[in-house]
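Biologist: I have a chain to go through before class. Can we look at it together?
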Amino acid sequence: MKITILTLFPEMFKGPFEQSIIKNAIDKKLVEITYVNIRDSGIGKHKIIDDTEYGGGIGMVMKVDVLHNAIESVRTGENNEEVVLLSATGETYNQKIAKSFSKLNHLILICGHYEGVDERIKKYINMEVSIGDFVLTGGEIPVMLITDSVSRLITGVLPKGATEDESFSEINNKILLEYPHYTKPRIFKNKHVPDILLSGNHPEIKKWREKKAIEVTNSLRPDLLKKRNG
């Protein structure tokens, strides 16, 4: 899979993607991550990428012609290619979207900036996403999160089955948070590992874990159960 990131600050991505699991995925050629500076598509001698807003207001708006040129410079025209804009007005990002992105051949992520982008660019994108109900100075950090969440879902990046039974996975037609985990020591400050986990009875352990996952979800994120049941 190829991920292309359109950004004004490509240097911000050097550290996060040169470590750990994503680095391994890149080394194995399971994912290719490319950074393209939007300013390379800027207008004129000074590579202008934004301008004042029609109608007045504080802040600058990223120019539609610049963004269009940047998008077209990285499109491959192949099937299974999508352009996604990070925007506070976008659909809230979740595991379902991450899984859909992981099945693409080419994902183009645009880091928004300043007051926003010229509305007319939306004709040339497939989707807008937001990582939550808050505003950041730019789309770089959200893009890092999305790239990480998508990369780990690509076949071969993690051990087989590692992404099937975790928070926000669908278990028996329910979207659940993950069940509690335990490891050695068996007793810590008079707190014991649940006996069922030491029993070796894997069908019963599976039932216990699903029960606990439902309890955790109902306690912390009851909205997940409501969404599924609704």
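Biologist: How much area does the chain expose, and what share do carbon and sulfur atoms supply?
Modeller: The chain exposes about 14200 Å² (Shrake-Rupley method, 1.4 Å probe), and 52% of that comes from carbon and sulfur atoms. This is a predicted model, where local features need pLDDT of at least 70 and side-chain atom pairs count only at pLDDT 80 or more, while totals for chains, interfaces and linings use all residues. Residues are numbered from 1 along each chain as its sequence is written, and side-chain values use heavy atoms, with hydrogens and water left out.
Biologist: What percentage of the residues is buried?
Modeller: Of the 230 residues in the chain, 39% are buried (under 20% relative accessible area).
Biologist: How many helices and strands are there?
Modeller: The chain has 6 helices and 12 strands, taken as DSSP runs of at least four residues (H or I) for helices and at least two (E) for strands.
Biologist: Switching to H3 and H4, at what angle do their axes cross?
Modeller: Roughly 70 degrees, with the axes of H3 (residues 95-102) and H4 (residues 140-151) coming within 8 Å. Axes are lines fitted to C-alpha atoms over the stretch in contact, and angles run from 0 to 180 degrees between N-to-C directions. The two helices are therefore roughly perpendicular (65 to 115 degrees).
Biologist: Which residues of H3 and H4 meet there?
Modeller: Ala98, Phe101 and Ser102 in H3 meet Ile146, Ser149 and Val150 in H4 (contact: heavy atoms within 4.5 Å). By class, that contact has 4 nonpolar, 2 polar and no charged residues.

Terms used:
Angles under 35 degrees count as roughly parallel, over 145 as roughly antiparallel, 65 to 115 as roughly perpendicular and the rest as oblique. Ala, Val, Leu, Ile, Met, Phe, Trp, Tyr, Cys and Pro count as nonpolar, Asp, Glu, Lys and Arg as charged, and the others, Gly among them, as polar. Buried means under 20% relative accessible area, exposed over 50%, partly exposed in between (1.4 Å probe, protein chains only).
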